[in-house]
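Here are my notes on the chain you asked me to look over. Have it open while you read.

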Amino acid sequence: MTQYVYRFGGGVSDGAGLSKELLGGKGANLDGMASIGLPVPPGFTISTEMCTRYHAESQVFPDSLRAEVAKGLAHIESVTGKRFGDAANPLLVSVRSGARVSMPGMMDTVLNLGLNDATVEGLAATSGDARFAWDSYRRFIQMYADVVLELDHGAFEEALEVAKEDAGYFLDTEMTAADWQRLVGEYKALVEALWHRPFPQDVQEQLWGAVGAVFGSWNAERAKVYRRLNAIPHDWGTAVNVQAMVFGNMGDTSATGVAFTRDPSKGDRAYYGEFLINAQGEDVVAGIRTPQYLTRAAREAAGAKPLSMEEAMPNTYAELARVFDLLETHYRDMQDIEFTVERGKLWMLQTRSGKRTASAALKIAVDMASEGLITEEEAVARVDPAALDQLLHPTLDPNAVRDVLTRGLPASPGAASGVAVFDSETAERRAGLGDAVILVRTETSPEDIHGMHAARGILTARGGMTSHAAVVARGMGRPCVSGAGTLSIDSKARLMRVGGREVREGDVITIDGASGEVMLGEVPTVQPELAGDFGVLMAWADKVRRLKVRTNAETPLDCRTARDFGAEGIGLCRTEHMFFDAARITAVRQMILADSEAGRRAALDKLLPEQRGDFTQIFEVMAGLPVTIRLLDPPLHEFLPHEESEFADVAEATGIGVEALKRRAAELHEFNPMLGHRGCRLGVTYPEIYEMQARAIFEAAIDVAEQSGAAPIPEVMIPLVATRRELELMKAVVDAQAKAVFAERGRTLEYLVGTMIELPRAALRAADIAEQAEFFSFGTNDLTQTTLGVSRDDAGRFLTTYVDKGIYATDPFVSLDIEGVGELIEMAVARGRTTRPDIKLGICGEHGGDPASIRFCESVGLDYVSASPYRVPIARLAAAQAALKARGSGV
């Protein structure tokens, strides 16, 4: 019989040596902490396998699980000496999620479970603190009603605020035992009014309701959105951890907190965290109260008055610091820790590898390697390549004028400007329309995940450095300012007030997640400087990667940017972009609308010097490196005139009447231009177009070679080839121009002629095509479209649903469809090399900057990947990690 329950704590470790895939990250690490002697409340984990079975079997628990859970509860009872449901000495438990990878705030938790009208009296008697007992009971009802019964959370919050207002209180901590007892009565009445049943008094009913709710939260919309954004498979499931409660709300010698063993924003080797005296864990992470700093140094740096934990609880803090060092050494990574202090005794509730910004990830990886805690290869493997995107974009100009409205906590670094919006739905809608938005909330909740992802930055009035907003923003790479307490946010009126000033929805604001400043208007930016830890890690990555990394670029600026980021050549230069220049579009249209070869050649003669100049500028930046230039590819209709003034310009240049030109444009109309007269089909029907481009390439290359002494290596790419004969014809055109230019200039240079594999037939016939092609470049954008029969431009209407329903694991235009498109690539590689063993192989679609796709490229033995300039560092690091994984090292 399959085992689903694994006990931990009290000298028992059922999960010793078992994986996070089975126990979830939280369960595995709770077992791990207990096994090395740390103070962990006893409990048990229900495995991820049970979650999968629960959803597959109509959300019904098997009887065998109930028996296993009963043994798990007996284990907790034997260690604590308390009994679940016992009125005299009650055991209370927490029920928490725990997926194999951290999904902070995305799934549900229930605390203080086991309280009812009888056990609350027992808790008051055994603790000697009636206020604490009734506070815990109201917390339990409020949380259970929200998470399990799915009742309106706002109704309970409103009842609490009214109770405080009626009593003249400002803080929850001012409430007395009698106040909490009255509020419990109001909460129970609310449950009955909203649920039409009394609040459950049976502790077993409470427990199974909570376990089902936590398993159910795996499929909550926020969890599905988070998984989609972070490429987490939907079939993994979550574990459930049931653990004896320990209480941070038992007076001034009790506390709860969240801490990191290093600064998750900057990466500094300094304890970082927050705590609250006389509170429970959700008070810290939910931003309900603004917490106090963990260390004296952090408090003084922030200019805060409330004592740090180091000052208020020096002995407990010293013990905690020792635990930090032990955990970081044990897990060999920066840890994110939750702890509770119950009447002076420290308890560890969780440890996991902490979410961190890209800059922090770099610093932590490089520092740990320098400290000898990990190897250089492990440091390379530790940094998420996609996270580097945070480092590659501009920051606020330190010399720019700033109209500072207020200052909050610098919760996640980076800066962003955008229009202020006050709810997640508006953020997502306006971002979809192309607006840059800043999401402004009193505090965020897991339900805001879609709005946070859509926003350029996040601003909250409440919450600390470890609040939901801060943790999720750091994981997403979004700038965040939290706890801006002087803000008064009126979500209904869609405005915020600060210091007598108003900011309405749609007004532009800027936030600086490094300083905590909130500014009115847009503040200018400066380009990032990449050195230090970035340079060190990239050097380590370059030592281990096999794949070369090129860039997709066709302007001198993009080429220089890519070279600065370490590009080793150009993998795709799209020549059609050059033709849209305002100074030459009329000549392009003259060429297209001409009804004879002589007319086309007259127009092409005007374009030749322009095109040569384009290539000269690119070759100057890429001197000595390979440059793959794709000859004209798109359908001609994209260049056609539409306005009367545009037809008039062409008529003047050609001497042909406007009506004749309109008739010619109508003749060129296509019903399905994506599969129409484009790519090499243009070259076959109008070879003079490719002749002009080839001549421009070779003339520019020789010019640069003579001027710089470093000859570029042109790689002339024929697009949309489906047959050997197409390439044979076009290669002859290119070779003829090369021969002519070399004769005219009295020198030669190295060049290659190849093709882009972007049609399934080309992949299938790769052996034949390789007889003519000296290189293949896989154009995975079009290859994905033509293989799946899906338009990239129109697929947004249904792809999200396809991913949610498991039809595709991820968006196939973001990460390569390994099973379909990948098989075609693998087939083409093998067949191409059969004919030409030394054929050069690369990828130039958007997938060339996607880490998962790069792993595939490594596995099939491509020679290079090509990515957009700002994704070159991402590709370099991903290529190194792929190489390490291929040889089973460092990952």
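**Notes on the model**

1. Of the 891 residues in the protein chain, 56% are buried (under 20% relative accessible area with a 1.4 Å probe, protein chains only; exposed is over 50%, partly exposed in between). Keep in mind that this is a predicted model: local features need pLDDT of at least 70, side-chain atom pairs count only at pLDDT 80 or more, and totals for chains, interfaces and linings use all residues. Residues are numbered from 1 along each chain as its sequence is written, and side-chain values use heavy atoms, with hydrogens and water left out.

2. On overall shape, the C-alpha trace spans about 100 × 65 × 50 Å along its principal axes. The radius of gyration is 32 Å, which agrees with the value near 29 Å for a compact globule of 891 residues (taken over C-alpha atoms; the rule is 2.2 Å times the number of residues to the power 0.38).

3. The protein chain has 35 helices and 34 strands (DSSP runs numbered from the N terminus: H or I of at least four residues, E of at least two).

4. Asp146, Glu150, Asp152 and Glu158 make up a negative surface patch (residues with over 30% relative accessible area and no salt bridge, like charges joined within 9 Å, nonpolar side chains within 5 Å; a salt bridge puts a Lys or Arg side-chain nitrogen within 4 Å of an Asp or Glu carboxyl oxygen). Glu150 sits in the loop between helix H5 (130-147) and helix H6 (153-167), and counts as exposed because its relative accessibility is 67%.

5. There's also a nonpolar surface patch: Phe798, Tyr802 and Ile807, with about 250 Å² of accessible area together (Shrake-Rupley, 1.4 Å probe). Ile807 is in the loop between helix H32 (799-804) and helix H33 (818-835); at 46% relative accessible area, Ile807 is partly exposed.

Conventions: Lys, Arg positive; Asp, Glu negative; His and termini not counted. Charge placed at Lys NZ, Arg CZ, Asp CG, Glu CD.
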